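This report introduces one protein structure to a reader who has not seen it before. Please view the sequence and the model below before reading on.

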Amino acid sequence: MVLPAADPVSRTARVRLRLTSPPPGVLPGTSVRGEVVVERRTGVLLVPSSALREGAATEVVVVRDGRAQIRRVVVGLRHDHLVQVLYGLREGEQVITLGPEQIGDGQPVVVVTP
């Protein structure tokens, strides 16, 4: 039960829950954070949000033949640090996730994996 509605500024709401099998350590009056899943999609292309260059257009930087290629993309749903790419990127393409806004089109790049 949510009473009466979420605060439009803090986006919080008071909710009363009854746990049938509470995990150890959960006490009455405990503050929790939760999410409500409104839509779930499978088989979608996701990139870390750190890969996006957002300005007048949303772009990613793709590594192609050792060079940076700036690519305009259309994004969909966002969740935490992941963003769905609807158009402009193909599965398996490498995107730069560390400082893509500082890389120019055609700039030589070296892929470093952890």
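## Pockets, sheets and turns

The lining of the largest pocket is made up of 13 nonpolar, six polar and five charged residues. In this classification Ala, Val, Leu, Ile, Met, Phe, Trp, Tyr, Cys and Pro count as nonpolar, Asp, Glu, Lys and Arg as charged, and the others, Gly among them, as polar.

The model is predicted, so local features need pLDDT of at least 70 and side-chain atom pairs count only at pLDDT 80 or more, while totals for chains, interfaces and linings use all residues. Residues are numbered from 1 along each chain as its sequence is written, and side-chain values use heavy atoms, with hydrogens and water left out.

**Confidence.** The mean pLDDT (the predictor's confidence in each residue, from 0 to 100) of the protein chain is 86, and 96% of the residues score at least 70. Confidence is lowest in strand S1 (residues 2–3), with a mean of 50, and highest in S6, at 96. Strands here are DSSP runs (E, at least two residues), numbered from the N terminus.

**Pockets.** Rolling a probe the size of a water molecule over the atoms shows where empty space is left. The search uses a 1 Å grid over the protein atoms alone and a 1.4 Å probe; a pocket is an open set of points with protein on both sides within 12 Å along at least five of seven lines, and lining residues have an atom within 4 Å of a point. Grid points are joined across faces, edges and corners, and a volume is the space filled by probe spheres set on the points.

The largest pocket holds about 1200 Å³ of space. It is lined by 24 residues, of which Ala-13, Val-15, Leu-17, Thr-30 and Val-32 are the closest to its centre. The second largest pocket has a volume of about 490 Å³. Among its 15 lining residues, those closest to the centre are Val-37, Glu-39, Leu-77, Arg-78 and His-79. By class, this second lining comprises eight nonpolar, two polar and five charged residues. Strand S7 (74–79) and strand S8 (82–87) each contribute at least two residues to the lining of the second largest pocket.

**The sheet S4-S5-S6.** Two strands are taken to pair if DSSP finds at least two bridges between them. One open sheet has three strands in the order S4-S5-S6, with antiparallel pairing. Strand S4 (53–54) and S6 stand at its edges with a single partner strand each, so one side of each is left without a neighbour in the sheet. S5 (residues 58–64) and S6 (residues 67–72) are joined by six bridges, whereas S4 and S5 are joined by two.

**The sheet S3-S8-S7.** Another open sheet of three strands follows the order S3-S8-S7, again with antiparallel pairing. Here strand S3 (46–48) and S7 are the edge strands; each has a single partner strand, so one side of each lacks a neighbour in the sheet. From one strand to the next, the twist averages 35°, based on axes fitted as lines to C-alpha atoms, with angles from 0 to 180 degrees between N-to-C directions. S7 and S8 are antiparallel and share four bridges.

In a regular strand the side chains alternate between the two faces of the sheet. The table lists residues that stand opposite each other in the paired strands.

| Residue | Opposite residue and its strand |
|---|---|
| Glu-54 | Thr-58 in S5 |
| Glu-59 | Arg-72 in S6 |
| Val-74 | Tyr-87 in S8 |
| Val-75 | Val-85 in S8 |

**Turns and loops.** S5 and S6 form a hairpin with two residues between them, and Asp-65 in the turn has a positive phi of about 55°. Asp-65 is not a glycine, and its relative accessible area of 75% makes it exposed. The term exposed means over 50% relative accessible area, buried means under 20%, and partly exposed lies in between (1.4 Å probe, protein chains only).

A hairpin with two residues between its strands is also formed by S7 and S8, where Asp-80 in the turn has a positive phi of about 50°. Asp-80 is likewise not a glycine, and Asp-80 is exposed at 63% relative accessibility.

Pro-28 lies in the loop between strand S2 (14–15) and S3. Pro-28 is exposed, with a relative accessible area of 82%. Its C-alpha atom is separated by 53 Å from that of Val-110, which is 82 residues away along the chain.
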